[in-house]
Amino acid sequence: MVVALVFAIGAETISFFAPDTSAWKIGGMAVALVAIGLAGLDTYKKGVSALLRGKLNINALMSVAVTGAFLIGQWPEAAMVMALYAIAELIEAKAVDRARNAIQGLLAMAPETALVQDAGGTWTSWPVAQVGLDSIVRIKPGERVPLDGIVTRGTGAINQAPITGESIPVDKQTGDQVFAGTINETGELEFRVTSASDNTTLARIIHAVEEAQGTRAPTQRFVDRFASVYTPAVFAIAVAVAALTPFILGITWLEAIYKALVLLVIACPCALVISTPVTVVSGLSAAARRGILIKGGTYLENARLLNAVALDKTGTITEGKPKLVTWRTWGDANEAEIRIQAAAMAARSDHPVSKAIRQGLDADAAEVEAFKALPGRGTEGLVAGQRLFLGNLRWMVELGLSHPQLEAELIQHEQQGRTLSLLANESRVLGIFAVADTIKESSRQAIADLKALGVSSVMLTGDNATTAQAIGQQAGISDVRGDLLPQAKLAAIKDMQKRYGPTGMTGDGINDAPALAQADVGFAMGGAGTDTAMEAADVVIMNDNLMRVAETVRLSQRTHHILWQNISLALGIKSVFFLMAVFGTATMWMAVFADMGASLLVVGNGLRLLRGSPKSDDS
């Protein structure tokens, strides 16, 4: 396409500056033919096919108009028009389906082999596809879970974020469910397989992405719809001018044919065709400057139509990682001493909650002796000769250290979606530490901006309902839905599309991929998001700022306004010259001016999108 454009410019240069001799004309025509051949071969194939089928589409019009312009001596303009048209078509074609890449990313989530116990009790590595139901599988710390199952032995913390979106790993023990594709962070586990490899939760996510991508119908471009009326009308008028003007206006047949070809050149929809991609590409560039990568003009145009946006919680509304939000001593314990003791105990554990406590306390950790980690409960050790316990309420109850007043305070924290750890010695509780996934500073304003645009916000999360409600209240979202697996999120998007109409989805995890694919416009958080989420989404927000969603909607509205200005300019200018060609004395150079002049105007108008912020309104 670039080479074709260079040759087209060469043809224009020869036409304007070269001597008016046969040799230069033949050379210029040869250069123009190269440009037309490089840029227009596909268009000609489609145009001829359309003409043979009696279908006068935009390719047929381009083929006839460019050929006619060339034959009557306007070969420079014919080359330039075809080169610009081909480039415009190439830009439009870049909005492609990415389902294959998304599926490949999902498949990589699950390991290919599993460590399976045979009838004799020996552990053997088997391909996941050959592992049968009720088989016993072992996973070590740091390994991914290969299949869905129920824990039969061991305890440990499982990072379920890839499937459920929960930001804090979930402690697992006998009887708890594990999902394929999740990560065993602590403790060795054995589980009984409950789903074959082609029917795991992860496999169903893959199927859901395929289905959602496959059922989304491509947007029919305005130019194609317009051309279905415009092109036959132009051909009909051109034929009428060639056949009737000799009788009506008393001109020669050669003059009538020339006038008809002038009409076709005037009607050549170059300005109309490039008005869309130039405006859209300018909008895409303006978005990219703001850290918003939009994967095609269709999604930029459709964002203005959104009536509702579903938002994942973890990593989208919240920071996506546990943080110590508050802590206090219990009873008459010394604050400085408790800070050091808790930091020492937390520093010895690799559990994400312990890491958050250690980072939040920011204290020099003391030495811990006789340290033990009890999965599902907490840690135990000696600090300065005193036996200490750092763990959950269930463990404190087992140790006989809990009482109603303490539990009442813990309930208040749990209602705010916080995970609690207690520091205790052998006789009493010494401190309370609340860890939570905190809301991003920009989230509240982002929700308010969407509301101001008339876009409703709904939270969809795999986290528990209590935590979800607490975060939703902080963010200003009243419609909050928790405990959702990927299929449930997908169903929620379909329900919202029926209820609200065009619906967006914003998320960052594997578990969000089906919903992102199903949504009319999917927004992925690029900074912390998974590759699969970014492949399934239509828009990637690189800086993870949720306010960029509203900015995308505003930019879409502004792009739409300028797009229609360009269409009006292109058609308005052509209409004037069209009438001049039929009833006046319009010449070929006027036809070229109408075409190229309109093209330059719409290009200049479209480039206005590169100036200013998406927040500004277009008059």
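In the predicted model, Thr506 has a relative accessibility of 0% and therefore counts as buried, the threshold for that class being under 20%. Thr506 is located in strand S20, and, when residues up to four places away in sequence are not counted, Thr506 touches Val309, Ala310, Leu311, Asp312, Thr316, Leu516, Phe523, Met525, Leu546 and Val549.

The strand that carries Thr506, S20 (residues 503-507), is paired in the parallel sense with strand S11 (residues 308-311), the pairing extending over 4 bridges. Within this pair, Val309 stands opposite Gly504 of S20, while Val309 is also among the residues that Thr506 touches. Both strands belong to an open sheet of 7 strands, in which the pairing is mixed and the order is S10-S22-S21-S20-S11-S18-S19. The edges of this sheet are formed by strand S10 (292-294) and strand S19 (479-481), each of which pairs on one side only. From one strand to the next, the twist averages 20°.

A second buried position is provided by Met345, for which the relative accessible area is likewise 0%; this residue lies in helix H13, which spans residues 335-347. Once the neighbours within four places in sequence are left aside, the contacts of Met345 comprise Val368, Phe371, Thr379, Glu380, Gly381, Val383, Leu388, Phe389, Leu390 and Leu423. With respect to Ala366, Met345 is separated by 21 residues in sequence, and the C-alpha to C-alpha distance between Met345 and Ala366 is 8.5 Å.

Key:
Residues numbered from 1 in each chain as written. Predicted model: local features only at pLDDT ≥ 70, side-chain atom pairs only at ≥ 80, totals over all residues. Heavy atoms only, no water. Pairing = 2+ DSSP bridges. Helix = DSSP H or I, 4+ residues; strand = E, 2+ residues; numbered from the N terminus. Axes fitted to C-alpha atoms, helices over the stretch in contact; angles between N-to-C directions. Buried < 20%, exposed > 50% of the residue type's maximum accessible area, 1.4 Å probe, protein only. Contact = heavy atoms within 4.5 Å.
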